[in-house]
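Hi,

Here is the structure I promised to pass on. Have a look at it first, and then read my notes underneath.

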Amino acid sequence: MKKFIFLLVLLALLVYFRWLSFGIFTSGDSLFYYSDFLKSFIHPSVWSNSHNLGLINVVLWRFPIGFANGLFGILGFSINISEKFLYFWPTLIFANIASFLLVRKVTKSNLAGFVGAIIFNYNTYYFVGITAFLIYAAAPWVIFSLLFFMKSLEKKSHLFSLLSLLFLFVAGSYDFRVAYIGVFLLLFYFIFYYLIVSRKMLRKSFLLLLEIIVGFAILNIYWVLPMLKLGSLTSNSVLDRTLFGNEFLNVLYSISFYHPFWTGTKTAYFHPQQIMAYFWLIPIFAFLGLYLNRKNKNILFFGIITLLGIFLTKQVGHPFPNIYPFLFEHVPGFNAFREASKFYFLIALSYSVLIGAFISWIWKNWKIGRSRVYGKYFLLGLTIFVFLWNTLPIFTGSIQSLFIERHIPKDYIILKDFIANQDQYYRTLWIPSSSTWSFYTDKNPRIKNISLLNDNLWNKFITTGNYIDTDKGRFYIKYLNQQHMVSLLNLSSVKYIVVPLEDKQNHAELFIYYGKNRQYYIDELDKINYLNRINIGTKEIAVYENYNYRPHVYATAEKETIYKDLRPTIYDVRSKFITPTQYQVSINNVKEPFYLNFSESYHPQWKLYLGDFKWYNILFNKQKSISDKDHLQNDATLNSYFLDPKQVCLSHEALAKGDKVNDGCVRNKDGSYDIDMTLYFAPQSWLYLGLIISGSTLVLVLRYLIFILSGEARSRFARERDLYDKRKN
């Protein structure tokens, strides 16, 4: 067994040899993060303020792996370092080990495990789908979870069920969609095991399954609680998306285990390819493995999973094209799979078992006769070749995407230093969109121009006119000349507007997607009179400054509006960033009512509290916020709070007397007030509570496992000592 695992890991390191360096590998949704931003991952936050104008963080389930990334950021390392330790290298090793062990367990054959691992790890889905890398990274932990669950049912052991739980939790930290599939995989196996394998001790078996499902729910309650409070658990920016990619998927691609964009060299994104003839060997070998090993009950289970994977992966293709949309609309959580290619994981898993079983069968049964002996070697070599041939463009780098090293252009380093050295809050707007090398942090968020338009953040102020696709370059820039746009930028704390590079060096020609060349956007920005192009030392990156941008938190005597230029009042407003969900604010010497303005996207859960603030008081309503009727959405879709110092600082009972000042207020001799406040996104408290529950549960599970394992180790040591004593005597 060890030599097969060694060969598999060695093969993975040879194929992905470029990933053995600390070079930068980024493409598509696989982004680059500087250490300055990476370290923000260490603090869990319900609100994400580093992109656009702020939004609810709907991927909170990534916190465990994000926390680990944050530790690297604190040490000064960027994502190209942390991803090797957290994503690339563990995946290359454990995906091979997990798939080998699963196939070996089902087939009782090391050779079958070796072949199955090659099938699982070198298919076109993992190579083509850049976003599928997170699926691939989560996959080994689901396989380990399934392995230990199978053992827990066989041995009726809590030890194995808890190990299954932990591995399922780890999978969810990489990609919760894979863990979602994993939960149903365990459930299906439990039903199959009871109906087909053994009906003995059903209650015990059910409790083991329940232990995993309930434990998994509790370990994830840290992000479920705040999402429930926000009403975003089943409806959010991810789950509200419509189906995508119907035209790219069908049952033939699913059966042949062929990604529709696979060409054998560079990926043809969104251009379905003809299936290469030799790929039809894959389903033939798989179904032969199922037929020849039909007496093996676990093989039958993976045969069922094969059919399920094929049926789901075809999406709306025939037969039964309406079932996937029905599941998408009615099954909780299924709308996270807006395109069905994520279910290729099920095909990869089941085909690896079935084809491994096919190889195992012919290896056991084709022992007599020269033709059979030669035949089994030929089929073994052919099976391995079909999948290893897929690695050629990875090895040569011709596939590009995530498999070739990138280099940060010097201009982006200059811009990064320019932004990082300014100790103030502001946003940067990137036109027509941002580069993967753009620098941003919680204190200096970035806005993608394309997001403002596509996400309709300012849609009621932007007149698109007769937009036509052939002139979309005008669409992406001309709105900046529209009425009130300068006010929107000011109120949104946009200080700089940046035009990125062409970046042909990294094969990232951004402008080809936006209708015009780079110079067109620069020429148009040069015409805008409220912007001033500045020289920060870059050779090509163009930077424009907006001098009248507002601070993140400021006060005005009147309600903020884009229709009138209200300069911030003379009130001395000081704000301190604590976390993306908490800011300390103080304002001095105020007598008259005023408006406190906060340039984050309006959300009713952004509360303003007076005085000493404790997050846990929010859970029990022990600390009251400023009245909701005084929390307003201003013209720029941002937050404004109306505050009357006398109403805020004096209790109702003592208002007439004026002799009692509320917590957070100091009354000065001249009758003015100094007010200390906290801006806080209230659902964050439920995240903290959830973290206490989930973290405590995790500690208890780990302590219990250590207790059991140490007890078994002591028992084993005692047995070996007794055996040694007997032999000695």
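Before the strands, one bit of vocabulary: two strands count as paired if DSSP finds at least two bridges between them. Please also keep in mind that this is a predicted model.

With that in hand, take β13 and β14. The two run antiparallel and are joined by 3 bridges, so they pass the cut-off of at least two. Strand β14 covers residues 638-643, and one bridge to look up on your screen is that of His631, whose partner in β14 is Tyr641.

This pair belongs to an open sheet of 4 strands, with antiparallel pairing. Reading across, the order is β8-β11-β14-β13. Which strands sit at the edges? They are β8 (553-556) and β13 (631-633), each of which pairs on one side only. From one strand to the next, the twist averages 30 degrees.

The other thing I found is on the surface. Phe184, Phe188, Ile191, Leu195, Ile196, Val197, Leu300 and Ile304 make up a nonpolar patch there, and together they have about 610 Å² of accessible area. Two elements give two or more residues each to this patch, namely α9 (176-197) and α14 (297-313). Helix α9 gives the most, with 6 residues.

Ile191 is a handy one to click on. This residue lies in helix α9, and its relative accessible area is 39%. Buried means under 20% and exposed means over 50%, so Ile191 counts as partly exposed.

Cheers

Definitions and conventions: Residues are numbered from 1 along each chain as its sequence is written. This is a predicted model: local features need pLDDT of at least 70, side-chain atom pairs count only at pLDDT 80 or more; totals for chains, interfaces and linings use all residues. Side-chain values use heavy atoms; hydrogens and water are left out. Axes are lines fitted to C-alpha atoms, for helices over the stretch in contact, and angles run from 0 to 180 degrees between N-to-C directions. Patches are made of residues with over 30% relative accessible area and no salt bridge: like charges are joined within 9 Å, nonpolar side chains (Val, Leu, Ile, Met, Phe, Trp, Tyr) within 5 Å. Accessible areas come from the Shrake-Rupley method with a 1.4 Å probe; for residues, only the protein chains shown count as cover. A salt bridge is a side-chain nitrogen of Lys or Arg within 4 Å of a carboxyl oxygen of Asp or Glu. Buried means under 20% relative accessible area, exposed over 50%, partly exposed in between (1.4 Å probe, protein chains only).
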